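Me: I am new to this structure. Please take one part and walk me through it closely.

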Amino acid sequence: MERRNFIQSLAAAAGGIAATATQGAVAATATASSATDASGATARAQLAALAQKMSEPVLANMAAGTLKKNFALEVSPTWDGRDKGVTYLECFGRLIAGIAPWLALPDDGTPEGATRKRLHQLALQSYTNSVDPANPDYLLWKGPGQTLVDSAYFTNALIRAPKALWEPLDAKTKQRIIAEIKSLRRIEPPYINWMLFAAMNEAWLMSIGEEFDPMRMNVAIRKINEWYVGDGWIKDGDAFHFDYYNAFVMHPMLVEILDVLDAEKGAFWNGKPEELRAQAIKRMQRYSEHLERFISTDGSFPPIGRSLTYRTAAFQPLALLALRKQLPQSLPEGQVRAALQAVHKAVWSAPSNFTKDSYLTIGFVGHQPELGDWYSNNGSMYIASASLLPLGLPASDSYWTAAPQDWTQKKAFSGARFPKDYPVNY
């Protein structure tokens with residue numbers, strides 16, 4: 001399948017999401033020279049179609065208690081032998097964290113709205129089934145250390161969309177979720193990015209007025225700040241790794257944990273949460289400036305480091321800042337939208353990103369199982385939904401209505417003027 005057929009293939013898979021907007025743009029986009037030729041409405045239609053394609057089989061099956069039965073499990077050739085049952089928690093937890101803000105939008109009469117409403121109801125039932133020991137899709141809460149990792153995405157979604165995903169749940173389900181999350185305190189996180197997973201769970205408990213462990217939050221915050229090496233980059237433990245873990249975990253989770261600590265006026269040793277939060281946002285903004293400059297003229301980006309198969313999750317900070325209306329002044333909304341649209345086109349055009357049943361495969365662009373790490377399964381791949389976060393902005397938002405602009409590399413390689421780049425000292 002040629003990359004120019006990206007919109008057509010997604011529109012078909014989406015079952016008509018925003019069909020009018022998409023069909024009206026197909027002819028023009030098929031011959032377009034760049035993503036900047038497409039409107040914001042087309043960009044949104046593409047992303048909503050991708051969100052549905054990614055979400056529908058997971059949520060429909062999990063709501064019916066048939067995910068474990070029907071999910072075609074795939075593990076890396078170098079799989080370390082851990083319990084494969086963790087795959088389903090990875091799949092649901094990571095997916096729901098990315099689409100939570102989209103599901104939280106109010107109902108409307110559009111085709112996208114109808115799809116979103118259906119997926120929202122499936123997500124609520126999936127949450128219920130995930131903690132029901134009698135349900136076939138009860139997740140692996142009593143499992144290995146990896147359970148802590150993906151429980152944090154499970155709770156991150158509840159922080160991102162509490163009114164849509166937490167408040168409607170019945171009392172028994174809420175108590176079961178709280179109990180499962182607290183039980184994970186048995187897992188001691190190593191001094192790497194895992195500390196943020198433990199902290200995210202405690203931040204969520206704090207956000208709902210439950211008993212929480214301040215040490216698991218505050219030590220994580222202190223360590224991440226100790227690991228800051230400058231110019232927007234954070235080490236993952238004692239050693240610096242040139243990869244996308246600053247995007248997958250470090251910046252987004254630190255900021256969202258600090259959101260809760262600040263909002264709840266939580267105590268923090270020798271520091272003020274509001275100041276730490278402001279600093280963390282500035283650093284994520286700076287890191288996002290680097291991410292934007294990584295995006296080439298055709299939407300490709302450097303295939304570097306661990307967990308490369310997480311695909312477009314590499315751009316979670318840009319997506320999250322767009323959702324939060326906190327993009328730095330150097331990155332206009334129309335420019336970021338066009339750049340991310342090009343990234344999605346470059347990655348998701350490959351048909352073998354999905355199985356014939358529309359489950360994600362292991363790979364970077366297409367099915368490339370040899371790129372999997374020793375901890376990789378196809379459930380892990382659903383962290384790619386983190387790049388869908390701007391869908392949580394309504395179609396009328398300026399992110400979608402702003403005129404598209406060329407991103408930095410397009411400007412640079414066309415001979416246009418573009419800003420020079422200098423390090424920062426915060």
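Reply: Here is a close look at helix 3, followed by some other features for context.

The model is predicted: local features need pLDDT of at least 70, side-chain atom pairs count only at pLDDT 80 or more, and totals for chains, interfaces and linings use all residues. Residues are numbered from 1 along each chain as its sequence is written, and side-chain values use heavy atoms, with hydrogens and water left out.

Start with the extent of the helix. Helices (H or I, at least four residues) and strands (E, at least two) are DSSP runs, numbered from the N terminus. Helix 3 covers residues 40-63, which makes 24 residues. From first C-alpha to last, helix 3 reaches 32 Å. That is close to the 34 Å expected at 1.5 Å a residue. The expected span is 1.5 Å times one less than the number of residues.

Next, the bend. Helix 3 bends by about 40° at Ser-55. The bend at a residue is the angle between axes fitted to the seven residues ending there and the seven starting there. A proline, Pro-57, follows within four residues.

Now the cover. Of the 24 residues in helix 3, 22 are buried. Buried means under 20% relative accessible area, exposed over 50%, and partly exposed in between (1.4 Å probe, protein chains only). Helix 3 is thus mostly covered. Just after helix 3 comes Gly-65, with a positive phi of about 75°.

Other helices are joined by rings. The structure holds 22 aromatic pairs. One of them is formed by Phe-92 and Phe-154, edge-to-face, at 6.0 Å centre to centre and 65° between the planes. Rings of Phe, Tyr and Trp (its six-membered ring) pair if their centres lie within 6.5 Å; planes under 30 degrees apart count as stacked, over 60 as edge-to-face and the rest as tilted. Phe-92 lies in helix 5 (residues 86-103) and Phe-154 in helix 7 (residues 146-160), so the pair ties together parts that are 62 residues apart in sequence. Phe-92 counts as buried because its relative accessibility is 0%. Phe-154, at 0% relative accessibility, also counts as buried.

Two other residues lie in loops. Gly-109 is found in the loop between helix 5 and helix 6 (111-130). Gly-109 counts as exposed, because its relative accessibility is 82%. Phe-240 lies in the loop between strand 2 (233-234) and helix 12 (245-263). Phe-240, at 42% relative accessibility, counts as partly exposed.
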